[in-house]
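Ready for a little practice in reading a protein model? Take a look at the sequence and the structure, and then work through the exercises at your own pace.

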Amino acid sequence: MPANQLLSPCRLCGLVKPLIKAHIVPRKLYEPIVQAGGSAPAGDTAVRIYPVDVNGKSRQRQSGIHDPGILCADCDNKVIGPWDNYAQTLLLGSFDPKNYSGNGTNQLYRLDNFDYVKLKLFFMSLLWRASVTSKNFFKNVDLGSWEANLRQKLLAADPGGRDDYSTILR
């Protein structure tokens, strides 16, 4: 085990294991930011992420924010990983223009075929990760007593009912 790897309880499975550098938002979802590079055409605004650390300093993070203190490799890769991979493929995939409507400012996409359970579990896991991380960027995400419930649903791969952790993409 590398000297800098934490041996602590995984926040998801609860087992004491080496923890990994786990991304809160999957790294691949930041690809559009990386592809935009450091410059944007005139009149365009490139999205950038500048998390502020506990000392009040910010630094651009094109690969997203990660936390080395929340997940073991098994939970990150085998439990949450399949949902991350599914959502990344679905959300970054090409959309058929017939499913597009909008006026250039408000763009709407309609997805007719997707795996509801996998996509919902992805968003539930994203919410859970944002809640359990100590990273300053997510400090206002606090599930309180709902955190344990959400953790159990993730471990059971249970998306709950349609009113449990509902998600709207905008």
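Below are four exercises on this predicted model, each with a worked solution.

**Exercise 1. Find out how many helices and strands the chain has, and in what order they run.**

Solution. Start by counting elements: the chain has four helices and five strands. Next, read them off from the N terminus, which gives β-β-α-β-α-β-β-α-α. To round off the overview, 31% of the 170 residues count as buried.

**Exercise 2. Work out which salt bridges link K17, D74 and K78, and where these residues lie.**

Solution. Begin with D74 and K17, whose side chains meet in a salt bridge at 2.9 Å, N to O. This pair links distant parts of the chain, since D74 is in helix α2 and K17 in strand β2, 57 residues apart. Now look for the other partner of the network: D74 also forms a salt bridge with K78, with 3.4 Å between the closest N and O atoms. Here both residues lie in helix α2, four residues apart, or about one turn of the helix. Put together, K17, D74 and K78 form a network of salt bridges.

As a last step, check the accessibility. Exposed means over 50% relative accessible area, so K78, at 63%, counts as exposed. D74, at 34%, is partly exposed.

**Exercise 3. Explain how the salt bridge between E147 and R11 ties together parts of the chain.**

Solution. First, the contact: the side chains of E147 and R11 meet in a salt bridge of 3.2 Å, N to O. E147 sits in helix α4 and R11 in the loop between β1 and β2, so the pair joins parts 136 residues apart in sequence. In general, side chains of opposite charge can pair when their charged atoms come close. Both ends are partly exposed: E147 has a relative accessibility of 21%, and R11 has 34%.

Then look at another residue of helix α4, R151. Its C-alpha is 6.4 Å from that of L12, although R151 and L12 are 139 residues apart in sequence.

**Exercise 4. Decide whether helices α2 and α3 are roughly parallel or roughly perpendicular.**

Solution. Take the axes first: those of α2 (residues 73-92) and α3 come within 8 Å and cross at roughly 115°. Angles of 65 to 115 degrees count as roughly perpendicular, and α2 and α3 are therefore roughly perpendicular to each other. Finally, the handedness: the crossing of α2 and α3 is left-handed.

Conventions
Residues are numbered from 1 along each chain as its sequence is written. This is a predicted model: local features need pLDDT of at least 70, side-chain atom pairs count only at pLDDT 80 or more; totals for chains, interfaces and linings use all residues. Side-chain values use heavy atoms; hydrogens and water are left out. Axes are lines fitted to C-alpha atoms, for helices over the stretch in contact, and angles run from 0 to 180 degrees between N-to-C directions. Helices (H or I, at least four residues) and strands (E, at least two) are DSSP runs, numbered from the N terminus. Angles under 35 degrees count as roughly parallel, over 145 as roughly antiparallel, 65 to 115 as roughly perpendicular and the rest as oblique. A crossing is left-handed if the near helix is turned anticlockwise from the far one by less than a right angle, and right-handed if clockwise. Buried means under 20% relative accessible area, exposed over 50%, partly exposed in between (1.4 Å probe, protein chains only). A salt bridge is a side-chain nitrogen of Lys or Arg within 4 Å of a carboxyl oxygen of Asp or Glu.
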